[in-house]
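Please open the structure in a viewer and keep the sequence panel visible. The tour below proceeds by selection, with a short account of what each selection shows.

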Amino acid sequence: MKKSSLNSVKSWLLLVGGIVIFALLAQLLRFRIDLTEEKRYSLHPATQEMLSELTEPIHVDILLVGKNLPGGMRRLQKSIEETVRTFNAYSPEKITYSYFDPLTVAESEQEAFIGSLTEYGINPTNLYVSQNSGQQATLIFPGVLVSNAEFETGALVLKGERGMGPDEILNQSIENLEFELSNAIKKLVSPEESAIAMIMGHGEMAEDEGYGIVEALDGEFELFKVPLEQAKSPSDLENFKIIFIEGPRDIYSDREVYLLDQYVMNGGNLVVMVDGVAVDIAEAGGEGTLAMPVDSGLDNLLFKYGIRINKDLIQDLNFGYFPVMAGNFGNQDQMVPLPWPFYIQAGVMQNHPITKGLDVVYYRFASSLDTVMAEGVKKTPLIFSSNNSRVLPAPVRVAFSDMEQEPPVEAFSVRNLPLAYLLEGEFTSLFKNRFLPEGFSKTDFKESGKGKVVVFGDGDVFQSQKSLQDGSPLALGEDPFSQMTFANKLLLRNMVKYLVDPEGIIASRTRTFQIRPLNKVKVAQQKTFWQFINVVAPVVILLLIGAIVWWIRHQKYSKKIN
């Protein structure tokens, strides 16, 4: 064999060997480099940890399908696909995806299947698509189904706050994709086993007996109704990740307040929903009734922690409606929905993992909240009223007859009243430098400690309402009068996840992707220039390079000939 042929064979063997070695290294050394400014293709450490613990393959059905989807929906669709691929890159087990249209299910099973999607919060949405013949409505399902070999769950991915434009809603939905998908996977493969206590014995949960919280968190957490008077020491409460106090009607004793205080001092998470005034809606007809201040026995505790629930009621022009009797038509009672400013549709949210991207949260008879000095405690307002609110100090007249006239807009001049606060940091005990209640020893007493407290000036915010047909409790957030579903359930779930693990996958909800729209004026002015740069310039550059190469070669061979 000639030497040149042997060298050629060696070169090919080295090339093939190099390719094989590179392929083997690529299989062994997996890495990704995210060069985007916002790290769009990177995951939060908590998400990476959750994915690293997967022991079985996961499949994702993307339900957002349809012909002629507008650009925004195609962008969301593509982002879901990219997020699944990113998850797969970080997972030891395969995470696959496919597209599935719920409308392709057989007609005999379609209604039941769509009903099962609504249990995951995936409600069909009418989307209007512009075509040559005009606008055409198409039904879309902006959600995903996540499944393993045994179970299936789902998640809605198109979410936004009230008042946002379409681009903002889409962008926020894309920002939250990591959380929605990782939350669905975690729910599927490793459901929470944390215990949550709902305090009983003071008239709490009078309206629904705790159904709202239980229904919203069922399957994710263990919930216990705990009579606080039976607890003998703070250690009896230490196994609960969260303690809920929901709308008490009777006063907490010093002993019970001490137990709650020491629970927080030992790192517990306390959620307090207390009314500033008591309202009997059954007495609101005719001359109406007066809402009077109510004492829960918790005011001093909350004040020490840096918050005060005022003895007043908030009215807001972004209100709900309440049906009242308006005579008979024939032999049928006539119900007329009246505007009811005491029922607040709160849609202004803090950019926080608990509330970011939430739709409207429904409040019924909410009191205002004020912060006070509490060293070491960070106070974060989570939810706000609209730009048109007012505060009515107790005693407050509550009468349906007052709503027969249009409310005076000029009286609603207060903007964005805080409706919920998150307190976190180093708390000081209410009982520091005080005598302890009888039966407790100083040896186990803690003067300070790190915990978290969430406060609502509405005892009903997580209580479900009742069906007008049979009186059964509805799912949390469902309003029997307007037939609307509000975001109270999602607020509760986000809040619980944050309190249990603030650095967990809930933290991925803080991601932000900046919208970078094109400058339409510049596009119009510079359109021809950039078309020339993108179309003509590459051809000219290639011709120049070709001419230079030809000239160099021509000069080289001319010298050899000469």
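Begin by selecting glutamate 81 and arginine 85, which in this predicted model form a salt bridge whose closest N and O atoms are 2.9 Å apart. Both residues belong to helix H3, which spans residues 71–90. Their positions are four residues apart, about one turn of the helix.

Next, display the surface around this pair. Which of the two residues is buried, and which is partly exposed? Glutamate 81 has a relative accessibility of 10% and therefore counts as buried, since the cut-off for that class is under 20%. Arginine 85, with a relative accessible area of 44%, is partly exposed.

Now add Lys78 to the selection. Salt bridges that share partners join Lys78, Glu81 and Arg85 into one network.

Move on to glutamate 175 and lysine 356. These two residues also form a salt bridge, with the closest N and O atoms 3.0 Å apart. This pair links distant parts of the chain: glutamate 175 lies in helix H5 (residues 166–175), whereas lysine 356 lies in the loop between strand S17 (348–349) and strand S18 (361–364). The two partners are 181 residues apart in the chain. With the surface displayed, glutamate 175 counts as buried at 7% relative accessibility, and lysine 356 counts as buried at 3%.

The third selection is aspartate 275 with arginine 249. Their side chains meet in a salt bridge, at 3.6 Å from N to O. Here, too, the pair links distant parts of the chain, 26 residues apart. Aspartate 275 is found in the loop between strand S10 (269–273) and strand S11 (277–278). Arginine 249 is found in the loop between strand S9 (242–246) and helix H8 (254–265). Aspartate 275 is buried, with a relative accessible area of 12%, while arginine 249 counts as partly exposed at 42%.

Finally, clear the selection and view the whole protein. How many salt bridges does a search of the whole structure find? The search finds nine, among them the bridge between glutamate 81 and arginine 85. In a cartoon representation, the protein has 11 helices and 24 strands. Of its 562 residues, 44% count as buried. Among contacts between residues at least 6 apart in sequence, 75% join residues at least 24 apart. With the full surface shown, the protein exposes about 30,200 Å², of which carbon and sulfur atoms supply 54%.

Terms used: Residues numbered from 1 in each chain as written. Predicted model: local features only at pLDDT ≥ 70, side-chain atom pairs only at ≥ 80, totals over all residues. Heavy atoms only, no water. Salt bridge = Lys/Arg side-chain N within 4 Å of Asp/Glu carboxyl O. Helix = DSSP H or I, 4+ residues; strand = E, 2+ residues; numbered from the N terminus. Buried < 20%, exposed > 50% of the residue type's maximum accessible area, 1.4 Å probe, protein only. Contact = heavy atoms within 4.5 Å. Areas by Shrake-Rupley, 256 points an atom, 1.4 Å probe, with all protein chains shown as cover.
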